[in-house]
Amino acid sequence: MALLQISEPGLSPEPHKQRLAVGIDLGTTNSLVATVRNGIAVVLSDEQGHPLLPSVVRYRGDARVEVGFAAQAAQARDARNTVVSVKRFMGRGLKDVAHVESMPYDFVDDGGMVRLRTVAGVKSPVEISAEILRVLGERARASLGGELTGSVITVPAYFDDAQRQATKDAARLAGINVLRLLNEPTAAAIAYGLDNAAEGVYAVYDLGGGTFDFSVLKLTRGVFEVMATSGDAVLGGDDFDQRIFCWILDNAHVSPPSAEDARLLLLKARQAKEYLSGEPEAHIGARLASGEEVDLVLAAETFTHLTHPLVAKTLVPVRKALRDAGLRPEDVKGVVMVGGATRMPQVQRAVAEYFHQEPLTNLDPDKVVALGAAIQANALAGNRAADEDWLLLDVIPLSLGLETMGGLAEKVIPRNSTIPVARAQEFTTYKDGQTAMSFHVVQGERELVSECRSLARFDLRGIPPMTAGAARIRVTFQVDADGLLSVSARELATGVEASIAVKPSYGLGDEEIARMLQDSFAHASDDMHARVLREHRVEAQRLLDATDVALREDGQLLSTQERVAVDAALVQLRSRMAGEDHRALRQAVDSLNAATMELAARRMDQSIRQALSGRRVDTVGI
Amino acid sequence: MDVDLRRDFFSLFGLPRVFAIDTEALELAYRDLQSLVHPDRYAHLPETERRLSMQWATHVNEGYRTLRKPLARGRYLLSLNGVEVDSESNTAMSPDFLMEQMEWREAVEEARTAEDAAELERLHHRLRQLAGEMVETLRGQIDAHHDYHGAAESVRRLMFIEKLQHDIDDALLGLES
Ligand SMILES: Nc1ncnc2c1ncn2[C@@H]1O[C@H](COP(=O)(O)OP(=O)(O)OP(=O)(O)O)[C@@H](O)[C@H]1O
Ligand SMILES: [Mg+2]
């Protein structure tokens with residue numbers, strides 16, 4: 001493999017020390033945690049041997065929280081306080097959520113991210129998701145026997161910025177360090193591609209409980225390059241349940257069901273759907289709280305007919321992604337099927353028909369995403385062995401833009417741009433002495449701002465006062481490797497950095513997160529101070545290790561004076577490692593970071609230069 | 001040897017500064033560079049390294065995006081040679097070209113209104129051919145004749161063609177969904 005010849009900058013400072021890292025598939029219906037053990041990716045099961053954790057959270061009157069099977073068992077009994085499919089609410093306002101009318105929750109809608117009123121108080125989807133992550137984190141710690149270095153959490157490729165940020169915030173509440181947010185179809189591609197040594201263009205068709213993703217990737221000698229991705233963030237197995245649910249109501253002639261009865265019937269609908277993946281007909285029987293009886297038979301053929309529009313709907317993003325990638329269906333070498341809902345025969349038939357080939361169903365569609373995430377987490381934690389060198393190049397799914405005059409959206413970063421990516425735009429002031437400016441950032445493909453997703457409003461302050469039109473403010477949009485946007489601004493004439501206040505449209509503010517963190521500690525054995533101290537120690541140790549390696553390998557890149565500064569910062573940090581003062585520790589970390597910044601930059605330049613000169617001395621020149 | 005890595009994308013990828021680049025060499029160099037600087041390689045390292053890696057990977061992606069496709073590459077080469085394609089002084093277009101633009105737009109609009117997918121596909125195909133010819137022209141203008149002002153006009157034509165292709169893509173998607 002060509003890639004092997006390149007020296008890796010980030011090899012583990014102490015290769016013998018395996019860092020504990022996990023991959024987490026935070027699913028709409030089911031969540032899983034996996035890790036790489038002795039070079040093999042495995043899903044970690046709970047004490048009863050269940051690999052899947054139902055993504056169900058129940059808030060009880062006694063301040064306890066149930067997650068998983070216990071909560072699932074109570075859902076028809078205590079529907080209002082038992083949240084299923086919370087992923088559908090992440091980073092969303094109430095008006096974005098489909099089928100609210102048939103949901104048994106007490107929604108709180110004040111414009112931003114929707115929240116739910118439960119016996120335990122008003123909960124944000126971020127807090128609810130954090131409960132699921134907490135359970136998976138504990139499972140991992142218990143089964144791996146130690147603290148986790150970090151995790152890779154998967155998100156639907158089609159998740160927008162707000163949904164990604166909400167996922168990351170949930171991890172933060174749960175006390176889980178996120179090494180990377182990874183797109184679910186990409187995770188599946190890693191697991192499939194590495195396992196089968198696949199080469200060429202592959203597609204991943206991922207129909208889960210609540211989301212649909214479709215990605216096209218080019219696999220070339222260890223590089224996974226996402227060419228295009230598309231999807232539908234509100235289309236999944238749940239919608240098939242919904243169709244059966246409506247069919248039941250139409251055919252059983254029962255009165256409009258209560259919240260509890262609705263939940264029961266939805267459950268029956270899902271069971272029937274899953275049964276029909278292997279059988280020609282399903283019996284649907286239920287006794288409602290109202291005393292009415294439901295007793296129906298649903299034929300597979302009827303079910304296929306009922307859900308035909310849903311299956312057809314998945315092909316719209318498929319076509320879009322292929323078009324964006326400049327490909328025809330026949331250019332795709334294999335279609336990897338992911339997600340429990342791809343077990344439905346009508347889905348498999350539709351895919352086979354469209355691509356003129358049988359889709360690849362030899363993977364466990366429930367587990368492959370978690371396994372891929374675990375493999376990625378292992379690599380990111382620095383555990384990768386020299387012979388497992390592969391690289392992932394992913395994209396953002398939706399264009400990022402700015403609101404301009406007349407409510408129009410101007411694209412700043414187009415969809416399917418490889419991340420990380422940055423674009424800068426220049427603006428000027430229109431009034432004398434103007435020191436502030438506002439921006440509205442949106443995501444989506446439509447021309448009208450009102451038809452795109454509103455991400456955030458940015459207020460730029462601290463522009464040096466000048467005459468109108470004299471200031472040149474360069475605003476830079478940076479999307480990182482998690483697909484998350486950050487914005488920075490600088491006035492070019494003076495070089496002054498403007499400060500930016502961000503108001504997320506469907507996200508949580510920093511203060512809100514801090515309050516939630518406080519709340520979560522009120523009930524936990526852990527406390528806030530201990531958590532923060534622990535996190536800082538991890539970062540400090542990481543910095544100490546990396547600095548040792550850097551000095552050993554490239555100490556000569558520093559002047560004597562610079563070296564003295566680094567050594568002083570090192571001594572200070574070491575002395576504070578054992579202390580209990582997390583602020584002092586943080587400050588020492590910041591000092592050492594600042595002192596080693598130049599060294600890190602020079603090392604990076606040096607390694608790039610070496611790579612360049614090693615391969616093409618003749619062409620580089622100068 | 002001291003290469004200013006941030007100076008220009010051609011030297012970043014070790015390519016000669018011409019329009020007709022070896023795209024395979026570009027691809028290889030791109031992958032090699034990303035293998036070196038990508039944030040996934042630095043995720044377990046301290047914040048400073050992570051930030052540097054993000055900046056580098058962003059730069060390498062930008063370089064690849066700029067050099068990979070003829071249109072962006074042409075623009076970039078012209079700008080390295082002091083000709084800005086969309087600067088005011090340069091936007092005067094030949095009347096022929098303006099006429100041609102109008103005809104194309106009408107044809108696309110007509111097919112869109114008639115919901116004629118086959119016609120849209122046909123127009124798309126013709127545009128692709130046209131783009132191919134334009135790229136050939138551009139190569140001659142830049143590499144052989146160093147005619148940067150002529151090349152700027154070709155780049156603008158290409159931009160127009162690409163925009164139309166996007167419009168057709170959108171129209172086709174609209175028809176399908
Ligand atoms: N045998 C089956 N036949 C039909 N559908 C099934 C079958 N088994 C599982 N499903 C459906 O698959 C869905 C859950 O799939 P999966 O666990 O992959 O989703 P998820 O990862 O939780 O959701 P998402 O990826 O959308 O966040 C549910 O709608 C479930 O009913
Ligand atoms: Mg899933």
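**View 1. A:T82, a threonine tucked out of reach.** In this predicted model, A:T82 has a relative accessible area of 0%, so A:T82 counts as buried. If you want to find A:T82 along the chain, look in strand 7 of chain A, which covers residues 82–84. The side chain of A:T82 has a partner here too: the backbone oxygen of A:D78, which it reaches at 2.6 Å.

**View 2. Ligand 1 and the residues around it.** Here we move to ligand 1, which has 21 residues surrounding it. The closest ones are A:T28, A:T29, A:K87, A:E274 and A:S277. Sort the shell by class and you get 12 polar residues, 7 charged ones and 2 nonpolar ones.

**View 3. Polar atoms facing the oxygens of ligand 1.** Start with A:K273: an N or O atom in the side chain of A:K273 sits 2.7 Å from an oxygen atom of ligand 1. With A:G340, it's a backbone N or O atom that lies 2.8 Å from a ligand 1 oxygen. A:G210 also joins in through its backbone, with a polar atom 2.9 Å from an oxygen atom of ligand 1. As for cover, ligand 1 on its own has 650 Å² of accessible area, and the protein covers 91% of that.

**View 4. Helices and domains around ligand 1.** Two elements of chain A each give two or more residues to the shell around ligand 1: helix 5 (237–252) and helix 6 (259–275). Helix 6 of chain A gives the most, with 3 residues. Now step back to the domains of chain A. Domain 1 (1–192 + 366–386) and domain 2 (237–307) both give residues to the shell, so ligand 1 lies between them.

**View 5. Two cysteines of chain A, A:C246 and A:C452.** Are these two buried or exposed? A:C452 has a relative accessibility of 12%, which is under 20%, so A:C452 counts as buried. A:C246 comes in at 37%, which falls between the 20% and 50% cut-offs, so A:C246 counts as partly exposed. And if you're hunting for disulfides, a search of the whole structure finds 0 over all chains.

**View 6. The two domains of chain B.** Over in chain B, the chain is divided into domain 1, residues 9–68, and domain 2, residues 95–176. How many Å separate the centres of these two domains of chain B? Taken over C-alpha atoms, the separation is 30 Å.

Terms used:
Residues are numbered from 1 along each chain as its sequence is written. Chains are lettered from A and ligands numbered from 1 in the order in which they are written. This is a predicted model: local features need pLDDT of at least 70, side-chain atom pairs count only at pLDDT 80 or more; totals for chains, interfaces and linings use all residues. Side-chain values use heavy atoms; hydrogens and water are left out. Domain bounds come from an automatic or database domain assignment. A disulfide is a pair of cysteine sulfur atoms within 2.5 Å. Buried means under 20% relative accessible area, exposed over 50%, partly exposed in between (1.4 Å probe, protein chains only). A residue is near a molecule or strand if one of its heavy atoms lies within 4 Å of it. A polar contact is a pair of N or O atoms within 3.5 Å; within protein, one must be able to donate a hydrogen and the other to accept it, and residues adjacent in sequence count only if both atoms are side-chain atoms. Accessible areas come from the Shrake-Rupley method with a 1.4 Å probe; for residues, only the protein chains shown count as cover. Helices (H or I, at least four residues) and strands (E, at least two) are DSSP runs, numbered from the N terminus. Ala, Val, Leu, Ile, Met, Phe, Trp, Tyr, Cys and Pro count as nonpolar, Asp, Glu, Lys and Arg as charged, and the others, Gly among them, as polar.
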